[in-house]
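Reader: Before I rely on labels such as buried, stacked or paired, I would like to hear how each of them is reached. Could you take me through the reasoning, one label at a time?

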Amino acid sequence: MNRLVMHHIYANGMAFDLSGYRNHGVPYDVSQAPTPYAPSFTYTQPNSRVLVSASASLQDLIAVRAVTTFNLDPAGGITRRYNLIEGHLCFALFINPDGSLSGTIIDAEGP
């Protein structure tokens with residue numbers, strides 16, 4: 001069964017979940033993005049992130065489909081990994097220091 005378990009909108013300093021499952025996020029070290037990128041956040045610090053607590057609706061998922069829109073324009077160029085989406089010890093979608101896009105999946109057997 002396909003079901004939407006999290007759909008965030010980032011506005012007014014909040015990460016609000018529109019899915020109905022109340023998987024709201026807690027933003028850390030972010031600021032509201034200016035037009036034309038609003039409503040979204042600007043992540044300017046290495047530890048900028050939005051954390052979502054574990055919940056029953058995020059457990060035992062068979063598959064994950066994630067959509068993200070990002071604009072990467074770091075001062076001085078890309079010098080580190082930039083996580084776009086990460087499920088703790090599950091999956092990650094990120095930009096490598098060389099500018100390439102990568103994804104990883106960890107299952108019971110490891111990465």
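Author: Let us begin with the chain as a whole, which is a predicted model: buried residues make up 20% of its 111 residues. The accessible surface comes to about 8,400 Å², and 55% of this belongs to carbon and sulfur atoms. Along its principal axes, the C-alpha trace spans about 40 × 35 × 20 Å.

Reader: How many helices and strands are there in the protein chain?

Author: The chain has zero helices and nine strands, so that its elements, read from the N terminus on, run β-β-β-β-β-β-β-β-β.

Reader: What makes tyrosine 10 and phenylalanine 41 a stacked pair?

Author: Two aromatic pairs are counted in this model, and tyrosine 10 and phenylalanine 41 form one of them, with 4.8 Å from centre to centre and 10 degrees between the planes. Ring centres have to lie within 6.5 Å for a pair, and planes under 30 degrees apart count as stacked, so the values of 4.8 Å and 10 degrees lead to that label. Tyrosine 10 lies in strand S1 (residues 8–11) and phenylalanine 41 in strand S5 (residues 41–43), so the pair ties together parts that are 31 residues apart in sequence.

Reader: Why is the pair of phenylalanine 41 and tyrosine 43 called edge-to-face?

Author: The centres of these two rings are 6.4 Å apart, which is within the 6.5 Å limit, and their planes stand at 75 degrees, which is over 60, so the pair of phenylalanine 41 and tyrosine 43 is edge-to-face. Tyr10, Phe41 and Tyr43 together form one aromatic cluster.

Reader: Which of these rings belong to buried residues, and how do you know that?

Author: Buried requires under 20% relative accessible area and exposed over 50%. Phenylalanine 41, at 8%, therefore counts as buried, whereas tyrosine 10, at 22%, and tyrosine 43, at 37%, lie between the two limits and therefore count as partly exposed.

Reader: What makes S7 and S9 edge strands?

Author: Three strands form an open sheet in the order S7-S8-S9, with antiparallel pairing. Strand S7 (82–87) and strand S9 (101–105) each have a single partner strand, so one side of each is left without a neighbour in the sheet. Neighbouring strands of this sheet are turned by 10 degrees against each other on average, direction ignored.

Reader: How do you know that S8 and S9 are paired?

Author: At least two bridges are needed for a pair of strands, and five bridges join strand S8 (residues 91–95) to S9, the two running antiparallel; the pairing therefore follows. One example is phenylalanine 91, whose bridge partner in S9 is isoleucine 105.

Reader: Is asparagine 96 buried or exposed, and what makes its link to serine 102 a polar contact?

Author: Asparagine 96, which is placed in the loop between S8 and S9, has a relative accessibility of 17%, which is under 20%, so asparagine 96 counts as buried. Its side chain lies 2.6 Å from the side chain of serine 102, and because the limit for a polar contact is 3.5 Å, this value satisfies the distance criterion. Leaving aside neighbours within four places in sequence, asparagine 96 is in contact with Ile78, Arg80, Leu101 and Ser102.

Reader: Why is aspartate 60 called exposed?

Author: Aspartate 60, found in the loop between strand S6 (49–52) and S7, has a relative accessibility of 76%, which is over 50%, so aspartate 60 counts as exposed. From C-alpha to C-alpha, aspartate 60 and alanine 108 are 12 Å apart in space, while 48 residues apart in sequence.

Methods
Residues numbered from 1 in each chain as written. Predicted model: local features only at pLDDT ≥ 70, side-chain atom pairs only at ≥ 80, totals over all residues. Heavy atoms only, no water. Helix = DSSP H or I, 4+ residues; strand = E, 2+ residues; numbered from the N terminus. Axes fitted to C-alpha atoms, helices over the stretch in contact; angles between N-to-C directions. Buried < 20%, exposed > 50% of the residue type's maximum accessible area, 1.4 Å probe, protein only. Polar contact = N/O pair within 3.5 Å; in protein donor to acceptor, adjacent residues only side chain to side chain. Contact = heavy atoms within 4.5 Å. Areas by Shrake-Rupley, 256 points an atom, 1.4 Å probe, with all protein chains shown as cover. Phe/Tyr/Trp six-rings, centres within 6.5 Å; stacked < 30°, edge-to-face > 60°.
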